[in-house]
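The following exercises are to be worked through with the sequence and the model in view. Each task is followed by a solution in steps.

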Amino acid sequence: MLFSRPSDTGTAKDHGTGTAGARDASGTPGTAASAGSSGADRLRAIELLGSVRYGRLAISMRALPFLAVARHLVIEDRVVLRMHRGLGFHESCDGSVVAYGADNFNTPAPGGTEDLWSVQFTGPVEIMDPGPGQRERFGTGPAEVNGEHFDPVYLRLDPRLAHMHTLAFDASPSGRTRSVT
């Protein structure tokens, strides 16, 4: 079964709990939430994102949709991305609203009994210069990208919307098998 849980994240400091600084979907101070979502769902989406290293950045280049792979970290409720400068994707992102998503679809448990998930965060992004400690947390980058020496560039995504989708599998024998006659 597929569940979709949108979550308006409000400001970067509210953690979806309705604390000071939180804003509702209209931008008005209050509790950050939208229909069918909760602060717990938003925190779970952030937690899931932190459990994988790579995701896909959805951007617009020359008015056409485009996907690019990026390494990410969750730092202070924001998503910090590392990409190769030589591809120029960061220039299309800077100052724009983008979507960033990740999932665990490539690592399901044997037998398909473990839940699968995907998360997506949407918001404005800007080029940034992380401190040495944050750079270290990214770990070693690739040696080359498309035959060029890897030259990292960093982007900070301030999530305004978060979506979490889960695929739940029935662990019972009747839920996993079907007789064919």
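A salt bridge is a side-chain nitrogen of Lys or Arg within 4 Å of a carboxyl oxygen of Asp or Glu. The model used in these exercises is predicted.

**Exercise 1.** Determine whether the side chains of Asp129 and Arg135 meet the criterion for a salt bridge, and state how exposed each residue is.

*Solution.* Step one concerns the distance: N to O, the separation for Asp129 and Arg135 is 2.2 Å. The cut-off is 4 Å, and therefore the contact qualifies as a salt bridge. Step two concerns the surface. Asp129 has a relative accessible area of 61% and is exposed, because the exposed class begins over 50%. Arg135, at 34%, is partly exposed.

**Exercise 2.** State how many salt bridges the structure holds, and describe the one between Glu47 and Arg44.

*Solution.* First, the count for the structure is eight salt bridges. Side chains of opposite charge can pair when their charged atoms come close. Next, Glu47 and Arg44 meet at 2.3 Å, N to O. Both residues belong to helix H1, residues 39–50, and they stand three residues apart, about one turn of the helix. Finally, Glu47 is partly exposed at 49% relative accessibility, and Arg44 is also partly exposed, at 37%.

**Exercise 3.** Locate the partners of the salt bridge between Asp151 and Arg85, and find how far apart in sequence the joined parts are.

*Solution.* The closest N and O atoms of Asp151 and Arg85 are 3.2 Å apart. Asp151 sits in the loop between strand E8 (148–149) and strand E9 (152–157), while Arg85 sits in the loop between strand E4 (78–84) and helix H2 (89–93), so the pair ties together parts that are 66 residues apart in sequence. As to the surface, Asp151 is partly exposed with a relative accessible area of 34%, and Arg85 is partly exposed at 37%. A further arrangement completes this topic: Arg78, Asp158 and Arg160 are linked in a network of salt bridges.

**Exercise 4.** Find the sign of phi at Ala63 and at Glu76, and place each residue in the structure.

*Solution.* Most residues other than glycine have a negative phi. Ala63, however, has a positive phi, near 65°. Ala63 lies in the loop between strand E2 (54–61) and strand E3 (64–75), and is exposed at 72% relative accessibility. Glu76 likewise has a positive phi, of about 50°. The place of Glu76 is the loop between E3 and E4, and its relative accessible area of 70% makes Glu76 exposed.

**Exercise 5.** Describe the geometry and the location of the aromatic pairs.

*Solution.* Step one is the count: the structure holds two aromatic pairs. Step two takes Phe66 and Phe89, whose ring centres are 4.8 Å apart and whose planes stand at 50°, so the pair is tilted. Phe66 belongs to strand E3 and Phe89 to helix H2, so parts 23 residues apart in sequence are tied together. Phe66 is partly exposed at 33%, whereas Phe89 is buried at 14%.

Step three takes Phe138 and Tyr154, a tilted pair with 5.4 Å centre to centre and 55° between the planes. Phe138 lies in helix H3 (residues 132–138) and Tyr154 in strand E9, so this pair connects parts that are 16 residues apart in sequence. The accessibilities complete the solution: Phe138 is buried at 1%, and Tyr154 is buried at 6%.

Conventions:
Residues numbered from 1 in each chain as written. Predicted model: local features only at pLDDT ≥ 70, side-chain atom pairs only at ≥ 80, totals over all residues. Heavy atoms only, no water. Helix = DSSP H or I, 4+ residues; strand = E, 2+ residues; numbered from the N terminus. Buried < 20%, exposed > 50% of the residue type's maximum accessible area, 1.4 Å probe, protein only. Phe/Tyr/Trp six-rings, centres within 6.5 Å; stacked < 30°, edge-to-face > 60°.
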